Amino acid sequence: MLGKKRCKQNRRKHFLILLVSFSCLVLSLSVFSVEIVVNRDTKVPDSLSREQVLHIFMLRERLWEDGTRITVFLLPRRYLITKDFVVSVLGVPVDTYFRLIEHLIETKQRGPEVMADEYALLIKLSNTPGGI
C-alpha cells in the first residue's frame with residue numbers, strides 16, 4: 001500500500017517538474033538538491049542561498065529585489081516533499097512550521113497559501129507575479 005502511494009507521488013513529482021519547465025522559472029539549491037519554483041515573470045537572482053530561502057519561507061522577506069511582493073505557495077503537510085523541504089531546507093519541525101502558518105492566518109496576517117495539490121499550486125504560481 002505504501003509503495004503504491006510513493007509511486008503515485010513520484011509520478012506526480014515528475015509531472016510537476018515537466019509542467020514547471022514550461023510555465024515557471026526553476027532555481028536550484030544544489031547543496032540541498034531542492035528545486036525552488038518561481039513565477040517566470042519574477043525577477044530573481046540565478047540562484048538563491050539557503051538563507052534567502054529560509055527568510056522567504058519563514059516570511060521574514062516579503063519583497064523581491066525589484067519591489068514585487070513575494071507570495072509563498074506550499075503543498076499540504078501530508079506531502080512527503082513538503083515535509084522534506086521544511087525539515088531539510090528550513091531546518092524546522094513540520095508541525096512547528098505549520099503552527100506558525102495557522103497562527104498567521106488566525107491573526108489575519110498574510111502567510112503562505114497552502115494549495116490542495118501540485119496542479120493547483122502550479123496554476124496559481126504561474127498566474128501570480130512574485131510567487132514562489
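A residue counts as buried when its relative accessible area is under 20%. With that cut-off in hand, let us walk through this predicted model. Of the protein's 132 residues, 39% fall into the buried class. The accessible surface of the protein is about 8,300 Å², and carbon and sulfur atoms contribute 56% of that area.

Next, the overall layout. The chain forms five helices and four strands. If you trace the protein from the N terminus, you will meet these elements in the order α-β-β-α-β-α-α-β-α. How much of the contact network links residues 24 or more positions apart? Among contacts in the protein with a separation of 6 or more, such pairs make up 56%.

Now let us turn to one pair of helices and see how they meet. Helix α2 covers residues 50-57 and helix α3 covers residues 80-90. Their axes come within 10 Å and cross at roughly 125°. Because angles over 145 degrees would count as roughly antiparallel and those from 65 to 115 as roughly perpendicular, this crossing makes α2 oblique to α3. As for its handedness, the crossing of α2 and α3 is left-handed.

Which residues bring the two helices together? On the α2 side they are Arg-50, Val-53, Leu-54 and Phe-57, and these meet Phe-85, Ser-88, Val-89 and Leu-90 of α3. Sorted by character, the residues of this contact between α2 and α3 comprise six nonpolar, one polar and one charged. The charged one is Arg-50, in α2, while the polar one is Ser-88, in α3.

Key:
Residues are numbered from 1 along each chain as its sequence is written. This is a predicted model: local features need pLDDT of at least 70, side-chain atom pairs count only at pLDDT 80 or more; totals for chains, interfaces and linings use all residues. Side-chain values use heavy atoms; hydrogens and water are left out. Buried means under 20% relative accessible area, exposed over 50%, partly exposed in between (1.4 Å probe, protein chains only). Contact means heavy atoms within 4.5 Å. Accessible areas come from the Shrake-Rupley method with a 1.4 Å probe; for residues, only the protein chains shown count as cover. Axes are lines fitted to C-alpha atoms, for helices over the stretch in contact, and angles run from 0 to 180 degrees between N-to-C directions. Angles under 35 degrees count as roughly parallel, over 145 as roughly antiparallel, 65 to 115 as roughly perpendicular and the rest as oblique. A crossing is left-handed if the near helix is turned anticlockwise from the far one by less than a right angle, and right-handed if clockwise.
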